[in-house]
Amino acid sequence: MNVSEEVIRQIVLEILSESSGLKKQVDVSKEKDPSGIIKIKTDAVRCEPFHQEGVALKDVVTLEEAPRMGCGIMELDQTSFEWTLTYDEYDMVIDGTLEIEIDGRVITAEAGEIIYIPKNSHIHFQTPSKARYAYFVYPADWQ
């Protein structure tokens, strides 16, 4: 059986945190297969503050892991922010309601639904309460 370095690292961290009585804090929990396939546990992703209050995100793959497509988790908390996309993006809502406003119209997605936003769209991401969603971007180097 071939066990990846990442799996061994996670096991060691788990043992250390259990033996010290401390709860393990993980930014991203993922398994990497030697083939390049990556599995990410979205509920373990800890988002970090972004450009304004009420907006947090975490890229969950690096450019080394996935040089063509990017992926991450974003959280919005009763906020709206303006953005112009320089890439194509899919957003899959995990929890809550995500609204995308464009040209005075609002596209709404609930948990389990996906929104596609084409490159060069000028939008407002917004939510009436809290929302958590996964974003998938092409190309990966979106910043």
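The following conversation walks through the fold, cores, surface patch and salt bridges of a predicted model.

Visitor: What should I know about how the values were obtained?
Guide: This is a predicted model, in which local features need pLDDT of at least 70 and side-chain atom pairs count only at pLDDT 80 or more, while totals for chains, interfaces and linings use all residues. Residues are numbered from 1 along each chain as its sequence is written, and side-chain values use heavy atoms, with hydrogens and water left out.

Visitor: How many helices and strands does the protein chain have?
Guide: Helices (H or I, at least four residues) and strands (E, at least two) are taken as DSSP runs and numbered from the N terminus. Read from that end, the elements run α-β-β-β-β-β-β-β-β-β-β-β, and the totals are 1 helix and 11 strands.

Visitor: Which strand gives the most to the largest nonpolar core?
Guide: A nonpolar core is a set of buried Ala, Val, Leu, Ile, Met, Phe, Trp, Tyr and Cys residues joined through side-chain atoms within 4.5 Å, where buried means under 20% relative accessible area, exposed over 50% and partly exposed in between, with a 1.4 Å probe and protein chains only. The largest core has 19 residues, and Met74, Leu76, Leu98, Phe125 and Tyr133 touch the most other members. At least two residues come from each of β4, β5, β7, β9, β10 (122–126) and β11, and the strand that gives the most, with 4 residues, is β7.

Visitor: Is Cys47, a member of the second core, buried or exposed?
Guide: The second, separate core has 9 residues, including Val28, Cys47, Val60 and Ile73. Because its relative accessible area is 18%, Cys47 counts as buried.

Visitor: How many disulfides are counted?
Guide: A disulfide is a pair of cysteine sulfur atoms within 2.5 Å. By this rule the count is 0.

Visitor: Which residues make the nonpolar surface patch?
Guide: Patches are made of residues with over 30% relative accessible area and no salt bridge, like charges being joined within 9 Å and nonpolar side chains (Val, Leu, Ile, Met, Phe, Trp, Tyr) within 5 Å; accessible areas come from the Shrake-Rupley method with a 1.4 Å probe, and for residues only the protein chains shown count as cover. Strands β7 (88–102), β9 (114–117) and β11 (130–138) each supply at least two patch residues, whereas Met69 lies in the loop between β4 (55–59) and β5 (70–77). The patch, of about 720 Å², consists of Met69, Tyr90, Met92, Ile114, Tyr116, Phe136 and Tyr138.

Visitor: Why does Met69 count as partly exposed?
Guide: The loop between β4 and β5 is where Met69 sits, and Val61 is found in that loop too. Contact means heavy atoms within 4.5 Å, and Met69 is one of the residues in contact with Val61. Met69 counts as partly exposed because its relative accessibility is 48%.

Visitor: Which residue forms a salt bridge with Lys58?
Guide: A salt bridge is a side-chain nitrogen of Lys or Arg within 4 Å of a carboxyl oxygen of Asp or Glu, and by this rule there are 6. Lys58 in strand β4 is paired with a residue in strand β3 (residues 48–49), 10 residues apart. Lys58 is buried, at 15% relative accessible area, and at 3.1 Å, N to O, its partner is Glu48.

Notes:
Lists of a residue's contacts leave out its neighbours within four places in sequence.
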